[in-house]
Structures are given as C-alpha cells and as structure tokens.
Amino acid sequence: MIAKLAKTCTLRIIPDKLNFILSDKLANGGVSMWCELEQENFFSEFQMEGVSAENNEIYLELTSENLSRALKTAQNARTLKIKLTNKHFPCLTVSVELLSVSSSSRIVTHDIPIKVIPRKLWKDLQEPVVPHPDVSIYLPVLKTMKSVVEKMKNISNHLVIEANLNGELNMKIETELVCVTTHFKDLGNPPLASENASQDRNPEQMAEVHLDIRKLLQFLVGQQANPTKALCNIVRNKMVHFDLLHEDVSLQYFIPALS
Amino acid sequence: MKCLVMGGNVKVLGKAVHSLSRIGDELYLEPLEDGLSLRTVNSSRSAYACFVFAPLFFQQYQAASPGQDLLRCKILMKSFLSVFRSLAMLERTVEKCCISLNSRNSRLVVQLHCKYGVRKTHNLSFQDCESLQAVFDPASCPHMLHAPARVLGEAVLPFPPALAEVTLGIGHGHRVILRSYQEEEADSTVKTMMTEMSIGEEDFQQLQAQEGVAVTFCLKEFRGLLSFAESANLNLSIHFDAPGRPAIFTIKDSLLDAHFVLATLSETDPHSKDLGSPEPAPQLQDYSTPHLDDFANDDIDSYMIAMETTTGGESSRALPSVSLSPGPQPSHSPDPHSEEEDEAEPSTVPGTPPPKKFRSLFFGSILAPVHSPQGPSPVLAEDSEGEG
C-alpha cells in the first residue's frame with residue numbers, strides 16, 4: 001500500500017512502533033503521510049538500538065517498492081526476519097524462509113539499500129500535528145470514491161471536496177462547459193470533541209477544500225482493501241486529512257489545499 | 001516439407017515459438033529426418049536456442065518431398081510468432097495446424113484449421129540460409145543439475161522481472177543459490193536491491209557440482225525456456241562449466257528436445273580487488289556461508305548496528321564479496337559479446353554499464369589484469385557455409 005503512495009519513504013523505528021513517513025516537502029507536492037504500526041502486533045522478536053539512549057530512534061530512507069517486493073515473497077513463508085546490515089552499503093536485509101515440498105526449506109534473502117537519515121533531519125519527520133478540523137466525517141466506500149474521482153480527473157484537475165456535520169459529503173468539479181457533483185449521504189460523523197460550542201454551528205454548513213485531483217487519486221489508488229475505519233477531516237480552505245485504520249495499521253494522509 | 005500438428009500440440013508448438021522469440025529475431029526452420037528443428041540465435045551471438053520436434057509429435061511428418069533435397073529456411077520471428085501469438089486462441093479454436101514449405105513459390109505456408117470450418121492461411125516469405133548449428137556438448141560440462149521446471153520456476157519468482165542477469169552457484173551445505181547479479185559501477189550512487197534464493201539439494205533430482213562453482217547468465221533468456229518447461233510440466237537440466245563457458249539448458253521428452261545455450265560472464269567481480277590477491281577459484285562459499293550462518297546461530301546482539309547518523313555507520317561484520325574469477329584454465333570467452341547483450345536490452349535494466357565499459361571488455365578486463373580474458377574465440381554458432 002505504501003509503495004503505491006510514495007516512491008521513497010522514511011522508515012522510523014522506535015522501540016514499540018514502526019512508522020512509514022512521507023514528509024510534506026515540495027518534492028512530494030505538499031502531501032504528507034504518517035503510517036504507524038505497533039511492532040508487537042507483527043513481530044515475535046524485536047530488538048533495536050537507536051543513536052543513543054535519549055534518542056532511541058532509527059530513521060531510514062528506502063524505496064518502498066523494494067520493500068514491498070521483498071515482502072511479497074513472504075506471503076507463504078514460515079518465518080520472516082528483517083535486519084539492518086551493512087554489505088558494501090547499508091541495507092535492510094529481509095530473509096524469508098519458505099515452505100518447501102521436500103524436507104529442506106528454501107531461503108530467500110533480499111538486501112534493500114537504505115540511507116540512514118542523520119539526526120539533524122529528524123525534526124522534519126515528526127508526527128504531524130492534526131489541526132482542529134472544521135468538519136469530521138466518515139468516508140464512503142473508498143472504491144466508489146476512487147472510481148468517481150478517476151472519471152472526474154478526465155474533466156478537470158481541480159476538485160472541491162466538502163462535507164458537513166450532517167453526514168453529507170460532496171465532490172465537485174467545474175469547467176466552463178460542465179459541472180459535476182457527486183453526493184454522498186448518511187455517512188455519519190464522529191462525535192465532536194466539542195470545546196467550542198458545537199451548538200452554534202449549523203450542521204448543514206459545508207466546509208470545503210480545493211484540491212489537486214491527482215493527489216487525491218493517488219491516495220485512493222493506494223487503498224486496496226476496505227479499512228476498518230476511515231475518517232476525513234476538513235480544515236476549511238487549508239487541507240484534507242484522511243485518517244484510516246486497516247486492522248493493525250494506522251495511516252494518516254494530508255493533502256494541502258490548492259493555493 | 002509438410003507436417004501436420006493436431007490438437008493440443010498446436011499450443012505446445014506455439015509456446016515453443018514464444019520461447020524462441022525471447023532470444024532472437026530470426027527463426028531458422030529446418031526439417032530433418034529425425035524431426036523438425038526450430039532454431040534461433042540472438043544478435044550478439046551470446047544465446048542460441050533450438051527446439052526439435054520428433055516425427056511422433058506430428059500427425060503427419062514429411063521432411064522432404066521424394067526426389068527433393070531437404071530445404072532450410074529462415075523467417076522473421078515476428079511473422080512466425082504472429083501466427084501463434086494468442087495461445088488462448090490456439091487452445092480454444094485451432095484443431096490442426098499444417099506447415100508446408102514450398103520452394104516453388106518461396107513461401108512457408110502455415111494453415112490453421114479452426115472450429116466452425118474457419119481456415120486461416122498464412123503465407124510467410126522466407127530466405128534460404130545456411131544451417132545454424134552451435135557447437136556445444138552437454139556431456140563435456142562437469143557440473144549439472146536436474147530438476148522439475150516447477151522448482152526452477154519457484155526459484156526465479158522472487159527476482160524482479162526486469163532483472164537482466166542472475167548468478168547460479170552451489171553454496172555451503174550443497175545448496176543451490178541463485179543471486180541477482182548487478183554490474184558494479186564505481187561511481188554508481190543508486191544502489192539496487194539484491195535478492196538471493198537458496199534451495200536445498202533435495203529439491204533437485206540430480207545435482208552434480210561442487211561447492212563454490214558459479215556462473216552468471218542472462219535471466220531474461222532463461223525465462224523463455226523456463227516458461228515453456230513449466231507449461232509442459234517437464235524436467236529441465238542445466239549443464240555448466242567455468243564462468244565464461246556457455247551454460248546449456250536442456251529439456252528432453254519423447255516428443256521433443258529443447259536446448260538453450262547461453263553465454264556466461266567471464267570477468268572477475270569488481271570487488272575481488274578488495275580481497276587483495278584474486279582467488280583462483282570462484283569463492284561462492286564466502287558469501288553464501290555468512291548468509292546461512294546468520295540465521296542458524298542468530299545472535300542478535302552481534303548484528304545490532306549502532307548507526308552513527310552522520311556517517312554511514314559501522315557494520316557488525318564486513319562480508320567478503322563473491323569473486324567470479326575465471327577457472328584455472330584460460331577460459332575461451334564465447335561471449336566477448338555477452339556484455340553487449342545488456343546494452344541491447346531496454347534501458348530499464350538496472351545497472352547496465354555505460355557503453356565505454358563494454359569496449360574495454362572486448363580487449364581485456366579493465367579490472368584484474370592478471371586474469372585478462374581471452375581473445376574473442378567464439379565457441380558458439382559455427383555457421384557452416386551452405387551451398388544453398
């Protein structure tokens with residue numbers, strides 16, 4: 001999934017979690033991503049040692065497709081081991097023990113080249129602060145959204161996404177000749193952490209953001225399975241924040257508004 | 001020449017043509033007394049493929065009309081392949097296929113008799129040619145392995161489809177190792193992923209090779225034969241020798257024989273210079289042993305790397321690299337052109353060296369003068385100048 005979202009991404013390893021990070025640099029077009037896994041949900045053995053005791057973290061940059069391909073061979077594996085090694089250059093070595101018809105097992109080893117990210121760049125890779133959203137709404141079936149956006153992409157590059165607290169979400173595109181809107185209803189909104197009085201907010205009022213449709217599409221294309229939970233937070237005219245939970249993996253994706 | 005292929009064999013023939021199309025652009029068709037041979041060679045003469053279909057494969061097989069000489073012809077691979085392009089269609093609709101060579105009108109006629117009375121006739125023009133025959137002898141190769149195609153198919157699965165070359169060797173514990181081969185460039189900043197597959201010898205029906213031997217050949221060309229063998233569910237034999245000497249891949253069946261002869265790389269691995277004195281024998285053990293030992297006695301602490309963030313970090317153990325130095329005897333390089341084939345391949349191949357490196361390889365290794373190859377004496381493709 002990550003491989004479809006980002007060609008190169010950062011893997012951050014801390015004692016209890018793994019994070020795949022894409023920071024909002026210009027090269028990424030302003031989108032950023034934060035994906036988190038609790039390591040104990042995946043690994044039976046986990047040992048790491050960061051730079052120092054206070055900074056017990058490791059940041060690596062790798063090509064996500066390499067890792068994705070390496071892990072693909074592990075689909076029917078008996079065991080999988082991932083290690084940080086240094087063979088001519090720093091690598092993430094993924095070793096997979098495959099089941100075999102005969103008694104001896106087969107071992108596949110992948111050495112994925114990585115770049116260690118120096119500590120001074122760590123501050124760019126921290127968990128993004130989620131700004132207080134104007135509207136928070138549950139997403140419709142992602143596959144439906146994707147097919148709608150795919151067709152809209154042929155008409156215009158500029159998409160407006162808007163939602164309100166009444167469970168309604170609209171996606172609009174507009175050109176000189178045509179204006180297309182897709183309406184999703186009854187989506188449901190998560191309960192608001194209402195410090196500011198939500199009473200004086202009209203639930204019908206839409207909060208909208210103008211996006212580059214290709215960025216939205218890239219995000220949707222990367223989603224293959226239906227997530228357990230999918231939330232969309234809109235900060236009016238600033239950005240869209242997608243918060244998904246796929247079983248044990250949490251993914252957050254930020255798309256900035258078109259300026 | 002006239003022959004008739006029935007039913008399911010049409011698809012087999014089609015698959016064979018697909019395999020051959022991965023090697024060369026011209027198909028040499030020669031009806032022999034012991035069968036119909038389809039041969040091809042690639043442009044750099046570093047790969048040769050040959051399928052011979054026994055008379056039993058055909059419903060009817062007539063090598064030559066009585067009183068006529070055996071004809072040989074050379075056709076464009078593209079044309080012949082277009083007849084058999086859609087294997088699914090061949091399977092579903094074609095009932096029989098008739099191939100005849102008519103010297104009178106200089107056409108190779110391929111007629112597909114399909115369902116519902118549909119008949120497709122292809123008239124392909126051909127050229128007279130000399131007989132294409134590579135000189136090779138599997139029996140002269142000291143190393144051999146024999147396995148069902150399925151095992152080898154599974155073995156190449158983890159490798160990326162774009163990978164050009166792979167190294168096959170025997171490692172520690174008599175395991176067969178397949179490793180992705182990358183041309184090392186001194187100035188390359190883009191490091192590519194390395195994949196290695198290790199299979200126990202029990203998966204092979206026959207394994208006759210010592211630990212430490214290894215050869216590197218073109219994976220893409222091998223895949224051509226492999227896909228044919230897998231679909232026909234046959235066993236494959238690989239005969240190989242020292243690096244630089246061709247590797248021979250064969251399939252034997254009662255109805256057909258296939259031979260693929262691929263050149264192997266003969267130059268020493270660039271990293272061998274790091275080892276100081278170049279070793280005389282290929283050191284496959286060096287890199288395979290640590291891998292396997294890693295996971296046998298897994299002392300995690302010793303592999304922890306406390307990475308210094310400013311520098312590349314210190315390694316727990318510097319693993320010696322493989323050195324594929326030529327064998328003790330001066331290796332005839334049948335493939336002064338073998339590296340050239342990399343160039344001919346699309347630029348998506350990772351690690352394709354820049355052209356200038358190729359030229360220097362023709363005249364000697366740029367790396368280890370001690371083991372400078374070998375004049376370009378091709379063992380491959382001794383074309384006999386035919387009278388025709």
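**Exercise 1. A cluster of rings**

Trace the cluster that ring pairs build in chain B from Phe51(B), Phe53(B), Phe57(B), Phe58(B), Tyr61(B), Phe228(B) and Phe260(B). Then examine the aromatic pairs around Phe217(B).

*Solution.* Keep in mind throughout that this is a predicted model.

Step 1. Begin with the cluster: ring pairs join Phe51(B), Phe53(B), Phe57(B), Phe58(B), Tyr61(B), Phe228(B) and Phe260(B). Over all chains, the whole structure holds twelve aromatic pairs.

Step 2. Move on to Phe217(B) and Phe222(B), whose ring centres lie 5.7 Å apart with 80° between the planes, an edge-to-face pair. Phe217(B) has a relative accessible area of 3% and is buried. Phe222(B) is buried too, at 3% relative accessibility.

Step 3. Phe217(B) also pairs with Phe249(B): the centres are 5.1 Å apart and the planes stand at 70°, so this pair is edge-to-face. The cut-off needed here is that planes over 60 degrees apart count as edge-to-face.

Step 4. Place this second pair in the chain. Phe217(B) sits in strand β15 (residues 214-218) of chain B and Phe249(B) in strand β17 (residues 247-252) of chain B, so that the pair links distant parts of the chain, 32 residues apart. Both Phe217(B) and Phe249(B) are buried.

**Exercise 2. Two helices in chain B**

Describe how helix α1 (residues 8-21) of chain B and helix α5 (residues 219-232) of chain B are arranged, and list the residues that meet.

*Solution.* Two packed helices are described by the angle between their axes and the distance between the axes.

Step 1. The axes of α1(B) and α5(B) come within 8 Å and cross at roughly 165°.

Step 2. Angles over 145 degrees count as roughly antiparallel, and α1(B) and α5(B) are therefore roughly antiparallel to each other.

Step 3. For the handedness, α1(B) makes a right-handed crossing with α5(B).

Step 4. On the α1(B) side, the residues in contact are Val12(B), Lys15(B), Ala16(B) and Ser19(B). They meet Gly224(B), Leu225(B), Ser227(B), Phe228(B) and Ser231(B) of α5(B). Phe228(B) is a name to recognise, as it also belongs to the ring cluster of the opening exercise.

**Exercise 3. Two helices in chain A**

Repeat the analysis for helix α3 (residues 142-153) of chain A and helix α4 (residues 213-221) of chain A.

*Solution.*

Step 1. The axes of α3(A) and α4(A) come within 9 Å, crossing at roughly 145°.

Step 2. The crossing of α3(A) past α4(A) is left-handed.

Step 3. From α3(A), the contact residues are Leu142(A), Met145(A), Lys146(A), Val149(A), Glu150(A), Met152(A) and Lys153(A). Their partners in α4(A) are Ile213(A), Arg214(A), Leu216(A), Leu217(A), Leu220(A) and Val221(A).

**Exercise 4. A mostly covered helix**

Which residues of helix α4 (residues 149-156) of chain B are buried, and what covers them?

*Solution.*

Step 1. Six of the eight residues in α4(B) are buried, which leaves the helix mostly covered.

Step 2. These are Ala149(B), Val151(B), Leu152(B), Gly153(B), Ala155(B) and Val156(B).

Step 3. The cover includes elements of both chains: β7 (106-116) comes from chain A, while β10 (143-148), β12 (176-181), β13 (194-199), α5 and β16 (235-240) come from chain B.

Step 4. One of these elements, strand β12 of chain B, holds Ile177(B). Ile177(B) is buried at a relative accessible area of 0%. Its C-alpha lies 8.8 Å from that of Ala214(B), 37 residues away in sequence.

**Exercise 5. The surroundings of Leu169(A)**

Is Leu169(A) buried or exposed, and which residues does Leu169(A) touch?

*Solution.*

Step 1. Leu169(A) belongs to strand β10 (residues 169-174) of chain A.

Step 2. Its relative accessibility is 0%, so Leu169(A) counts as buried.

Step 3. Leaving out residues up to four places away in sequence, Leu169(A) touches Ile137(A), Pro140(A), Ile161(A), Glu162(A), Ala163(A), Thr182(A), His183(A), Phe184(A) and Leu187(A).

Step 4. The C-alpha atoms of Leu169(A) and Asp186(A) are 8.8 Å apart, with their positions 17 residues apart along the chain.

**Exercise 6. The chains as wholes**

Summarise each chain by its helices, strands and buried residues.

*Solution.*

Step 1. Chain A has four helices and 15 strands, and 50% of its 259 residues are buried.

Step 2. Chain B has nine helices and 18 strands, and 55% of its 388 residues are buried.

Note on methods. Residues are numbered from 1 along each chain as its sequence is written. Chains are lettered from A and ligands numbered from 1 in the order in which they are written. This is a predicted model: local features need pLDDT of at least 70, side-chain atom pairs count only at pLDDT 80 or more; totals for chains, interfaces and linings use all residues. Side-chain values use heavy atoms; hydrogens and water are left out. Rings of Phe, Tyr and Trp (its six-membered ring) pair if their centres lie within 6.5 Å; planes under 30 degrees apart count as stacked, over 60 as edge-to-face and the rest as tilted. Buried means under 20% relative accessible area, exposed over 50%, partly exposed in between (1.4 Å probe, protein chains only). Axes are lines fitted to C-alpha atoms, for helices over the stretch in contact, and angles run from 0 to 180 degrees between N-to-C directions. Angles under 35 degrees count as roughly parallel, over 145 as roughly antiparallel, 65 to 115 as roughly perpendicular and the rest as oblique. A crossing is left-handed if the near helix is turned anticlockwise from the far one by less than a right angle, and right-handed if clockwise. Contact means heavy atoms within 4.5 Å.
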